[in-house]
Amino acid sequence: MKKSNYLVLAVSALVSIFLLYLWYSLGFNKIDSPLDLVISIVWWVLIALLVVWINKLEKTRQQRIRTMYLAPTVLYNSETGVRRLQAGANTVEAMREILEGLEYGFDTQDLPSRAEVDFAYVVKTDEYKPAQDKDSEPTWKGSVVKIDRAGENTETAFDGIQQLSAALA
């Protein structure tokens with residue numbers, strides 16, 4: 001999670017501590033009412049829902065940042081921008097380098113217009129974890145969308161580098 005998410009959670013916890021302090025200092029703890037318990041439970045359920053909601057938003061944002069657009073000689077990622085590929089470069093290896101270098105910041109690069117670059121594929125990465133050692137492969141799951149300007153786009157799911165390479169072939 002990012003610092004802003006922790007900030008929201010810290011403010012929620014401080015507000016709940018302040019409300020608890022007010023509860024005791026105003027003497028509400030001496031009044032016997034079942035509504036008190038209900039209010040307390042609702043407040044903590046709201047904080048728990050806030051934590052779940054922020055976590056889901058952060059995962060969705062990170063998934064969008066991992067999305068890459070591919071053209072024959074160009075890669076685009078919203079965090080790193082446009083990257084030109086050398087002739088004969090391995091596209092999957094270039095994408096892997098980008099994914100391993102992502103910082104998941106809030107600054108984004110603009111998507112080039114279709115007149116500048118005509119992308120052929122969109123690679124949506126749902127999950128990426130770098131390899132633990134040199135002999136293993138990274139965990140890489142997602143889908144590849146082949147852009148077809150004349151017809152329908154086709155989407156192919158992949159689980160690993162071999163399936164990704166096959167979907168891009």
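Glu58 is buried, with a relative accessible area of 6%, and the side chain of Glu58 meets that of Arg61 in a salt bridge, 2.9 Å from N to O. Arg61 is buried too, at 18%, because buried means under 20% relative accessible area. Do keep in mind that this is a predicted model. Here is a friendly tour of the salt bridges, helix H2 and one pocket.

**Salt bridges**
- The structure holds five salt bridges.
- Glu58 and Arg61 sit three residues apart in helix H2, about one turn of the helix.
- In helix H3, Glu100 and Arg96 are four residues apart, again about one turn, and their closest N and O atoms are 3.7 Å apart in a salt bridge.
- Glu93 joins Arg96 and Glu100 in a network of salt bridges.
- Glu100 itself is partly exposed, at 41% relative accessibility.
- Glu127 pairs with Lys129 at 3.6 Å, N to O; Glu127 is partly exposed at 27%, and Lys129 is partly exposed at 47%.

**Helix H2 and a nonpolar patch**
- Helix H2 spans residues 34-66 and includes Leu35.
- Leu35 helps make a nonpolar surface patch of about 720 Å², together with Val38, Ile39, Ile41, Val42, Val45, Leu46 and Leu49.
- Val51 also has its place in helix H2 and is partly exposed, at 33% relative accessibility.
- From Val51 to Asp159 the C-alpha distance is 29 Å, with their positions 108 residues apart in sequence.

**The second largest pocket**
- This pocket holds about 150 Å³ of space.
- Its lining has seven nonpolar, three polar and no charged residues, among them Leu70, Pro72, Asn90 and Tyr121.
- Helix H3 (91-101) and helix H4 (161-168) each supply at least two of the lining residues.

Terms used: Residues numbered from 1 in each chain as written. Predicted model: local features only at pLDDT ≥ 70, side-chain atom pairs only at ≥ 80, totals over all residues. Heavy atoms only, no water. 1 Å grid on protein atoms, 1.4 Å probe; cavity = no way out; pocket = protein on both sides within 12 Å on 5 of 7 lines; lining within 4 Å. Points joined across faces, edges and corners; volume = space filled by probe spheres on them. Nonpolar A, V, L, I, M, F, W, Y, C, P; charged D, E, K, R; others polar. Patch = residues over 30% accessible without salt bridge, like charges linked within 9 Å, V, L, I, M, F, W, Y side chains within 5 Å. Areas by Shrake-Rupley, 256 points an atom, 1.4 Å probe, with all protein chains shown as cover. Salt bridge = Lys/Arg side-chain N within 4 Å of Asp/Glu carboxyl O. Buried < 20%, exposed > 50% of the residue type's maximum accessible area, 1.4 Å probe, protein only.
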